[in-house]
Amino acid sequence: MATPILDFTLSGTVEPGKRLGRQLGFPTANVRYDPQSGVWPPDGVYAGTAETGGSVYLTILNQGRHPTAPEGEPTVEAHLLGYEGGALYGTRITLRYLRFLRPERTFSSLEELRRQLERDREAALAMARAHDSL
């Protein structure tokens, strides 16, 4: 059974991250959040959308501590599918969580993580195809 459509939104300024996503072929826009500052969805990977510069992109979101490379504060990392506009550092972005894809987990290698990110991208694309309004 598919997980229900969510509607949780986070807005913030894009900050530099570890640049691991770029290394894996999945560059991300990173937004810091305080998990103690309110009610948040569970940490994990979500399909969603990102709005920045007047455009909306289908997005894979990861919220949490990123256990394969856990250095730093909790963040939300968003890989914007189809975005080719370069670095977003310092820009405002609005992220909308739509569907929970999976919990965070530790991968045995960066290659294993990269393969999972490919599967996450396919899951987000399949969700978008199933819901033409996204």
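A nonpolar core is a set of buried Ala, Val, Leu, Ile, Met, Phe, Trp, Tyr and Cys residues joined through side-chain atoms within 4.5 Å. The exercises below use this idea and others on a predicted model.

**Exercise 1. Describe the largest nonpolar core and the elements that build it.**

Solution. Begin with the count: the largest nonpolar core has 16 residues, and those with the most contacts inside it are Leu61, Val76, Leu80, Ile93 and Leu95. Next, look for the elements that give two or more residues to this core, which are strand S2 (29-32), strand S3 (44-52), strand S4 (55-64), S5 and strand S6 (92-102). Then take Val76 as an example: leaving aside residues up to four places away in sequence, Val76 touches a set of residues that includes Leu10, Ala29, Val31, Leu61, Leu95 and Tyr97. Finally, note that a second, separate core of 8 residues exists, with Ala47, Leu81, Leu98 and Ala124 among its members.

**Exercise 2. Find the cavity of 30 Å³ or more and describe its lining.**

Solution. A search of the whole structure gives 1 cavity of 30 Å³ or more, and the volume of the largest cavity is about 450 Å³. Its lining is made of 29 residues, of which Asn62, His66, Glu77, Leu113 and Leu117 are the closest to its centre. At least two lining residues come from each of H1, S4, S5 and helix H2 (110-130). Sorted by type, the lining of the largest cavity holds 14 nonpolar, 8 polar and 7 charged residues.

**Exercise 3. Describe the largest pocket in the same steps.**

Solution. The space in the largest pocket comes to about 260 Å³. Among the 17 residues that line the largest pocket, Pro27, Thr28, Tyr83, Gly86 and Leu88 are the closest to its centre. Strand S5 (residues 75-80) provides the largest share of this lining, 3 residues, and by type the lining divides into 10 nonpolar, 5 polar and 2 charged residues.

**Exercise 4. Decide whether Arg19 and His66, each with a positive phi, are buried, partly exposed or exposed.**

Solution. Most residues other than glycine have a negative phi. Arg19, in the loop between strand S1 (8-13) and helix H1 (20-23), has a positive phi of about 65°, while His66, in the loop between S4 and S5, has a positive phi near 55°. The cut-offs are under 20% relative accessible area for buried and over 50% for exposed, with partly exposed in between. Arg19 has 47% relative accessibility and therefore counts as partly exposed, whereas His66, at 9%, therefore counts as buried.

Conventions: Residues numbered from 1 in each chain as written. Predicted model: local features only at pLDDT ≥ 70, side-chain atom pairs only at ≥ 80, totals over all residues. Heavy atoms only, no water. 1 Å grid on protein atoms, 1.4 Å probe; cavity = no way out; pocket = protein on both sides within 12 Å on 5 of 7 lines; lining within 4 Å. Points joined across faces, edges and corners; volume = space filled by probe spheres on them. Helix = DSSP H or I, 4+ residues; strand = E, 2+ residues; numbered from the N terminus. Nonpolar A, V, L, I, M, F, W, Y, C, P; charged D, E, K, R; others polar. Buried < 20%, exposed > 50% of the residue type's maximum accessible area, 1.4 Å probe, protein only. Contact = heavy atoms within 4.5 Å.
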